[in-house]
Amino acid sequence: MSRASNKELHKANEELCRDLQQLGEGSTGERGPTIQARARPRPFSQVIMDVVVPASFITPKIVFTGTEDPEAHLTTFKLR
């Protein structure tokens with residue numbers, strides 16, 4: 001890469017940084033409103049999460065790869 005290209009890239013980078021800074025500031029020079037990150041929803045209720053699984057519990061050893069018939073897989077799962 002040539003020196004001219006490096007200088008152009010450096011200048012463009014500085015301009016982008018200035019633009020981003022201006023976007024984050026209000027007209028009075030204060031920072032704009034912050035966006036609150038949403039808490040990730042949990043797939044289960046707290047009641048379910050609080051259940052203690054017995055040590056004797058054995059998880060099913062059935063594997064579904066997506067290539068077999070889903071109904072046959074569910075039937076096999078229900079039979080065990």
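This section describes the fold, confidence, surface and selected residues of a predicted model.

The chain contains 3 helices and 0 strands, and the order of elements along the sequence is α-α-α. Confidence in the prediction varies among these elements. Across the chain the mean pLDDT is 77, with 74% of the residues at 70 or more. Of the elements, helix 2 has the highest mean pLDDT, at 88, whereas the lowest, 77, belongs to helix 3, which covers residues 70-79.

Burial and surface composition were then considered. Only 1% of the 80 residues of the chain count as buried. The exposed area of the chain amounts to about 8,300 Å², and 58% of this area is supplied by carbon and sulfur atoms.

A nonpolar patch on the surface is formed by Phe44, Ile48 and Met49, whose accessible area together is about 310 Å². Within this group, Ile48 belongs to helix 2, which spans residues 46-49. Ile48 is classed as partly exposed because its relative accessible area, 48%, lies between the 20% limit for buried residues and the 50% limit for exposed ones.

A second residue was examined in helix 3, where Leu74 is located. The relative accessibility of Leu74 is 46%, and this residue therefore also counts as partly exposed, its value falling between 20% and 50%. Leu74 and Phe64 stand 10 residues apart along the chain, and a distance of 9.5 Å separates their C-alpha atoms.

In summary, the predicted chain is composed of 3 helices without strands, 1% of its residues count as buried, and its surface includes a nonpolar patch to which Ile48 contributes.

Conventions
Residues numbered from 1 in each chain as written. Predicted model: local features only at pLDDT ≥ 70, side-chain atom pairs only at ≥ 80, totals over all residues. Heavy atoms only, no water. Patch = residues over 30% accessible without salt bridge, like charges linked within 9 Å, V, L, I, M, F, W, Y side chains within 5 Å. Areas by Shrake-Rupley, 256 points an atom, 1.4 Å probe, with all protein chains shown as cover. Salt bridge = Lys/Arg side-chain N within 4 Å of Asp/Glu carboxyl O. Helix = DSSP H or I, 4+ residues; strand = E, 2+ residues; numbered from the N terminus. Buried < 20%, exposed > 50% of the residue type's maximum accessible area, 1.4 Å probe, protein only. pLDDT = per-residue confidence, 0-100.
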